[in-house]
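I opened this model to look up the ligand site and the domain layout. My entries follow in the order I made them.

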Amino acid sequence: MTDDTSIQEDQTDVAVRRARGEFVRGLSGFRHAIGDAEFPPEAGRYHLFVALNCPWCHRVTLTRAVLGLQDSITMDVAFPNRTGDDDPAGPNLWEFAPHRVASLTDTRLSDCTEETATGESLRLAKAIYQREGSQEQSLPVLYDKHAGRIVNNESAEIIRMLDAHAAALGSTNAQRPQLWPADAGLRDQIRHLNDRIYTTINNGAYKAGFSSDQGVYAQAFTAYFDTLAWLEDLLSDGRAYLTGDAFSEADLRLFPTLYRHDPVYHLRMKLNGARILDYPHLWRWLCRVYALSGVAGAGSLIHCRQGYFGRTWNGTIPLGPLTPMSYPQAYLHPELAG
Ligand SMILES: N[C@@H](CCC(=O)N[C@@H](CS)C(=O)NCC(=O)O)C(=O)O
């Protein structure tokens, strides 16, 4: 297992840190790869289990979409709110339950599905792990329908293997981006960006929003906005994407957090130092990525709002922001940032 902090959180003194109120994300246990002998790259063989409110899942739904793998990799979507205290299997479990009604819309959510890959129509993601003797329960999960086994549950690695084998996996997008380009210099840039963006933005948002210690929160808050300012400066030279002209893995990994910032994290994670709208270059970058083929359909702010607020805050879900425009419509307007 790697100790690469661009992929996962440092686990040093994890019990002490959690005891003092720090949110520390655990490690993913399934780390096989497409391309291993037992998991050959074949179109139609692999499946993704995701939730659309989860930013780690959003990485893999984005990858599937921008690489043109929607037809060759099937996908199931869990309901955005996990099980409650009254569930016989216990609380906080991802559930495949398309019949459930979202309090935000007072309707079922059309993207939600049953579990369709194992042949057992399992209700809980946890049961997919239990089939292999594991106590894990997180999403996303990359699953091999032929072998009936989990391949990997670490989004950073799933992105990389889908990119490496896109052609053999049946990509229909001949103009697809190379998310992890061969050029050594670009790879170094991407590693550096990934490390800072994972620690202070992707996971940093949770460290701010889910920690119960003021000092930990304040440190995470400051690091988050320091990195936004650093990215704003990086993009101020007119480059289209973080490493230059081409969209890369670094852009793909930054997008899920910034997509959630103004409509969710600003309030839910107490990251109210500023909106992305207040950073003209970052805002235009966000709109530019949102306009890429497949990106808008790979995420859902309804699932995000329902998931992040649906079981907290007295069960009522904030409807804003509405100015200068509601979200995600605002992402169609790069000019809003002045
Ligand atoms: N390192 C994993 C993190 C996945 C993760 O933490 N997913 C969350 C949802 S946002 C989850 O399922 N948490 C439930 C749990 O771990 O019990 C990845 O990037 O894939």
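Entry 1, ligand shell. I sorted the shell around the ligand by class and got five nonpolar, five polar and three charged residues. The model is a predicted one, and I read every value here with that in mind. I then listed the neighbours: 13 residues surround the ligand. R25, W94, L139, E154 and S155 are the closest of these.

Entry 2, polar contacts. Which residue has a side-chain N or O atom 2.7 Å from a nitrogen atom of the ligand? I found E154. For L139 the partner is in the backbone: one of its polar backbone atoms is 2.9 Å from a ligand nitrogen atom. I also noted N153, where a polar backbone atom lies 3.5 Å from an oxygen atom of the ligand. That pair is right at the cut-off, as a polar contact is counted within 3.5 Å.

Entry 3, cover. After the contacts in Entry 2, I looked up how much of the ligand is covered. On its own the ligand has 510 Å² of accessible area, and the protein covers 84% of this. I also checked the location: the ligand sits in the largest pocket.

Entry 4, domains. I looked up the division of the chain and found domain 1 at 14-164 and domain 2 at 184-337. Taken over C-alpha atoms, the centres of domain 1 and domain 2 are 22 Å apart. For the contacts across the two, I noted 36 residues on the side of domain 1 and 37 on the side of domain 2.

Key:
Residues numbered from 1 in each chain as written. Predicted model: local features only at pLDDT ≥ 70, side-chain atom pairs only at ≥ 80, totals over all residues. Heavy atoms only, no water. Near = heavy atom within 4 Å. Polar contact = N/O pair within 3.5 Å; in protein donor to acceptor, adjacent residues only side chain to side chain. Areas by Shrake-Rupley, 256 points an atom, 1.4 Å probe, with all protein chains shown as cover. 1 Å grid on protein atoms, 1.4 Å probe; cavity = no way out; pocket = protein on both sides within 12 Å on 5 of 7 lines; lining within 4 Å. Sits in = over half its atoms within 2 Å of the grid points. Nonpolar A, V, L, I, M, F, W, Y, C, P; charged D, E, K, R; others polar. Domains from an automatic or database assignment. Contact = heavy atoms within 4.5 Å.
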